[in-house]
Amino acid sequence: MTVRLPDWLDQLRKAEVTEYVRKDPRSTGRTLLGVDSDRAFNEVIGGGQANFDAPWENLSPDDLALLYAYLNQKGHLEELIAAFGQLFPRSGATPQNPIVVDIGCGPFTGGLALAATLGHDPYFDYIGIDHADSMRRLGERLARSNLVPGRVTTHWATSVNAFQWQDPPRWRDVIVIISYLFASPTLDAEAVFKDLDRLLRKFGHGAVTLLYTNSTGEEANRQYPGFRQRLEEAGFRVHAEDQGKIIIERRDGLKERKLCYVLFRRPPQWILQLGE
């Protein structure tokens with residue numbers, strides 16, 4: 001399948017990311033913010049696994065987050081839009097005012113992908129979890145843009161445990177995004193599950209959908225089987241699963257992008273017994 005970003009998202013990235021980098025006086029030709037583009041990807045952002053709150057030579061943490069968005073975000077948006085398309089086919093029903101939890105959110109990537117999938121007037125609470133202040137700052141800047149359609153309320157936290165949900169438990173649908181988080185060599189998958197389980201209990205008893213995406217590499221997914229087992233023990237079932245590719249458009253033509261994704265669903269926990 002060929003995946004394209006909607007016009008508003010292309011315009012947003014151009015205004016807040018690509019032109020921001022290209023018009024910086026440090027950027028010339030293959031140089032991004034004063035660094036060769038290959039070196040920027042491999043050394044500065046470490047393929048996406050850098051410490052984005054630590055300066056790198058003359059680059060600030062905000063520079064690093066911007067380079068990440070310039071180099072990595074578009075591909076992740078395309079992957080998430082393709083995966084969400086499996087969850088919300090055009091002919092199917094979409095959730096009304098869901099709570100969205102994006103663990104390892106980066107610069108609002110999951111929120112943008114979901115807004116692009118839900119149609120012209122998306123409406124949801126977005127909880128972005130990322131330990132890097134620079135990522136959350138860039139994410140909030142993107143979320144505040146008038147180009148983002150609908151009504152998206154953003155909340156930010158450094159960790160799942162640090163997030164405080166003030167509303168009483170309800171029956172709202174919840175969407176959890178775990179994208180490339182398991183590529184981190186320091187991840188504790190069991191802790192991720194336990195923290196997530198505690199947070200879901202605070203939201204209430206509504207249906208939960210969890211989207212897992214990652215590269216197809218074995219090392220990046222080595223902790224996934226244990227995490228999947230814990231999800232299944234908690235009542236989640238696989239709705240869609242695939243290891244394949246999507247077709248994306250770049251200046252030099254169509255390209256393949258490999259990924260794996262799994263969509264889990266858990267139905268509402270209780271059924272209300274109404275009197276006759």
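Reader: Two strands pair if DSSP finds at least two bridges between them. How many bridges pair strand S4 and S5 here, and in what sense?

Author: This is a predicted model. In it, strand S4 (residues 99-103) pairs with S5 over five bridges, in the parallel sense. For one pair of partners, look at Ile99, whose bridge partner in S5 is Asp125.

Reader: What helix goes with S4 and S5 in the β-α-β unit?

Author: That is helix H4 (residues 109-118), and the unit it makes with S4 and S5 is right-handed.

Reader: Which strand does S5 pair with over seven bridges?

Author: Strand S6 (residues 151-157), again in the parallel sense, with S5 covering residues 123-129. The chain gets from S5 to S6 through helix H5 (residues 133-143), and that β-α-β crossover is right-handed.

Reader: Which residues in S6 stand opposite Asp125 and Tyr126?

Author: Thr153 stands opposite Asp125, and Thr154 stands opposite Tyr126. Asp125 is also the partner of Ile99 from S4.

Reader: How many residues of S5 are buried?

Author: Six of the seven, which leaves S5 mostly covered.

Reader: And S7, how many of its residues are buried?

Author: Six of six in strand S7 (residues 174-179), so the rest of the structure largely encloses it. The cover is on both faces: Val174, Val176 and Ile178 are buried on one side, and Ile175, Ile177 and Ser179 are buried on the other.

Reader: How many bridges join S7 to S4, and how many join it to S8?

Author: Five bridges join S4 to S7, and the two strands run parallel. In that pairing, Val100 stands opposite Ile175. Six bridges join S7 to strand S8 (residues 208-214), also running parallel. There, Ser179 has Thr213 opposite it. Between S7 and S8 the chain passes through H6, in a right-handed β-α-β crossover.

Reader: Zooming out. How many helices and strands does the chain have?

Author: Seven helices and ten strands. The radius of gyration is 19 Å, close to the 19 Å that the globule rule gives for 276 residues, so the chain is as compact as a globular protein of that length.

Reader: What does the C-alpha trace span along its principal axes, and what percentage of the residues is buried?

Author: The trace spans about 70 × 40 × 35 Å. Buried residues account for 50% of the 276 in the chain.

Reader: Changing topic. How many cavities of 30 Å³ or more does a search of the whole structure find?

Author: One. Its volume is about 30 Å³.

Reader: Which residues line the largest cavity?

Author: The lining consists of Phe193, Leu196, Asp197, Leu200, Leu231, Ala234, Phe236 and Arg266. Six of the lining residues are nonpolar, two are charged and none is polar.

Reader: Which helix gives the largest share of that lining?

Author: Helix H6 (residues 189-203), with four residues. Another residue placed in helix H6 is Leu199.

Reader: Is Leu199 buried or exposed?

Author: Leu199 has a relative accessible area of 2%, which is under the 20% cut-off, so it counts as buried. Its C-alpha atom is separated by 19 Å from that of Arg237, and the two residues are 38 apart along the chain.

Reader: Where is His239 found?

Author: In strand S9 (residues 237-250). His239 is partly exposed, because its relative accessible area of 37% falls between the 20% and 50% cut-offs. The C-alpha atoms of His239 and Arg265 are separated by 6.3 Å, with the residues 26 apart along the chain.

Reader: Last topic, backbone angles. What is the phi of Leu33, and of Asn97?

Author: Leu33 has a positive phi of about 50° and is not a glycine. Asn97, also not a glycine, has a positive phi of about 50°.

Reader: Why point that out?

Author: Because most residues other than glycine have a negative phi.

Reader: Which loops are Leu33 and Asn97 in?

Author: Leu33 is in the loop between strand S2 (31-32) and strand S3 (35-36). Asn97 is in the loop between helix H3 (61-87) and S4. Leu33 also counts as buried, with a relative accessibility of 3%.

Key:
Residues are numbered from 1 along each chain as its sequence is written. This is a predicted model: local features need pLDDT of at least 70, side-chain atom pairs count only at pLDDT 80 or more; totals for chains, interfaces and linings use all residues. Side-chain values use heavy atoms; hydrogens and water are left out. On a 1 Å grid over the protein atoms alone, a cavity is a set of points where a 1.4 Å probe fits but cannot get out, and a pocket is an open set with protein on both sides within 12 Å along at least five of seven lines; lining residues have an atom within 4 Å of a point. Grid points are joined across faces, edges and corners, and a volume is the space filled by probe spheres set on the points. Ala, Val, Leu, Ile, Met, Phe, Trp, Tyr, Cys and Pro count as nonpolar, Asp, Glu, Lys and Arg as charged, and the others, Gly among them, as polar. A crossover is right-handed if, with the strands pointing away from the viewer, the path from the first strand over the helix to the second runs clockwise. The radius of gyration is taken over C-alpha atoms; the globule rule is 2.2 Å times the number of residues to the power 0.38. Buried means under 20% relative accessible area, exposed over 50%, partly exposed in between (1.4 Å probe, protein chains only).
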